[in-house]
Amino acid sequence: MSYWNSHIKENEEYVVLRHSINRFDGHVNGIRFREGYCVVVKGSRPYNTLKKLPLIKSSEEYPLIHLRSLKCIMRDKDLETIFGKDVYLQYMKVKTPIIKAEELIYKEEVYKEHIENGRCSFIKLNGEPCGLEAYTHSISKMCKLHILEDKEIISKLGYKIPDRELTRDEQKKYRARIFKRYDK
Ligand SMILES: [Zn+2]
């Protein structure tokens with residue numbers, strides 16, 4: 001019987017079981033182990049049989065994504081060769097949202113660090129934060145340039161963003177006026 005040809009049903013879930021022998025390679029009850037791990041459908045007959053074995057029953061159980069920590073998995077496709085096509089397909093299904101969530105957390109951490117390092121909090125159209133130094137007095141941690149472009153801040157200070165291009169001199173005066181009020 002080739003267990004790997006079976007397809008997982010909607011209410012079924014693959015889990016990763018660990019063998020007590022570290023990095024065990026081989027078969028137990030016809031189930032293949034690689035680097036100490038095998039994949040079975042939770043609650044299935046092979047699962048229940050393996051869970052009764054002393055070398056497996058007390059070991060931890062992992063979600064499918066755990067397979068990415070295996071050294072023999074260099075590329076996702078290796079899962080197909082080692083654990084079968086069905087496991088590979090299920091793995092890809094669970095992997096995508098996990099990777100996306102991890103990327104989001106990473107981005108948030110990078111942004112937090114960016115602010116902690118005294119950089120501007122403004123997010124540009126490309127999704128990247130502004131690289132300029134945040135103005136010391138800015139509560140919203142923005143650089144001088146982005147404070148000047150923020151309609152809300154400018155109008156709170158009693159000014160309006162100029163609707164025409166200012167000359168260099170006018171610009172200088174405008175900035176000085178804004179920041180004089182801003183610092184109060
Ligand atoms: Zn900025």
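## A walk from the sheet to the long helix

In strand 4, the bridge partner of Y14 is V41. That pairing is a good place to enter this structure, which is a predicted model, and a few steps along the strands will bring the rest of the sheet into view.

Stay with strand 1 (14-18) and strand 4 (37-41) for a moment. The two run antiparallel and are joined by five bridges. Further pairs can be picked out on screen: V15 sits opposite V40 of strand 4, and R18 faces Y37 of strand 4. On its other pairing, strand 1 meets strand 5, again in the antiparallel sense, this time over three bridges. Here L17 is the residue to look for, since it stands opposite E61 in strand 5.

Put together, three strands make an open sheet in the order 4-1-5, with antiparallel pairing. Strand 4 and strand 5 (61-63) are the edge strands; each has a single partner strand, so one side of each has no neighbour in the sheet. If you look along the sheet, neighbouring strands are turned by 35° against each other on average, ignoring direction.

Are the strands of this pair enclosed or open? For strand 1, four of the five residues are buried, so the strand is largely enclosed by the rest of the structure. Strand 4 gives a matching count: four of its five residues are buried, so it too is largely enclosed. An edge position in the sheet therefore goes together here with a strand that is largely enclosed.

Next, the nonpolar core. The largest one has 16 residues, and V16, L17, C38, V39 and V87 are those with the most contacts inside it. Strand 1, strand 4, helix 3 and helix 4 are the elements that give it two or more residues. The largest share, four residues, comes from strand 4. To see how the pieces meet, select V87: leaving out residues up to four places away in sequence, V87 touches Y14, V39 and L79. Apart from this core lies another, of seven residues, including F122, A134, M142 and C143.

Helix 3 brings in F83. Is F83 buried or exposed? The cut-off for a buried residue is 20 or more other C-beta atoms within 10 Å, and F83 has 24 such neighbours, so it counts as buried. Its contacts, again not counting residues up to four places away in sequence, include V39 and Y88. F83 also shows how the fold brings separate parts of the chain together: F83 and R32 are 51 residues apart in sequence, with their C-alpha atoms 7.6 Å apart in space.

From there, move on to helix 4. This helix covers residues 85-116, 32 residues in all, and reaches 46 Å from its first C-alpha to its last, close to the 46 Å expected at 1.5 Å a residue. Along the way there is a kink of about 30° at K95, shortly before the proline P97. How many of the residues of helix 4 are buried? The number is three out of 32, so the helix lies largely in the open. Those buried residues are V87, Q90 and Y91. An α-helix has 3.6 residues a turn, so residues three or four places apart point the same way. What covers the buried residues includes strand 1, strand 4 and helix 3 (78-83). Just after the helix, G118 takes a positive phi of about 80°.

Two other backbone spots deserve a look, and neither is a glycine. R23, in the loop between strand 1 and strand 2 (26-28), has a positive phi near 55°. With 12 other C-beta atoms within 10 Å, R23 is exposed. N29, in the loop between strand 2 and strand 3 (31-33), has a positive phi of about 50°. N29 has 14 C-beta neighbours inside 10 Å, so it counts as partly exposed.

The last stop is K172, in helix 7 (residues 168-182). With 11 C-beta neighbours inside 10 Å, K172 counts as exposed. K172 and L64 are 108 residues apart in sequence and 60 Å apart in space, C-alpha to C-alpha.

Conventions
Residues numbered from 1 in each chain as written. Predicted model: local features only at pLDDT ≥ 70, side-chain atom pairs only at ≥ 80, totals over all residues. Expected span 1.5 Å × (residues − 1). Bend = angle between axes of the 7 residues up to and from the residue. Contact = placed C-beta atoms within 7 Å. Pairing = 2+ DSSP bridges. Axes fitted to C-alpha atoms, helices over the stretch in contact; angles between N-to-C directions. Core = buried A, V, L, I, M, F, W, Y, C linked by C-beta atoms within 7 Å.
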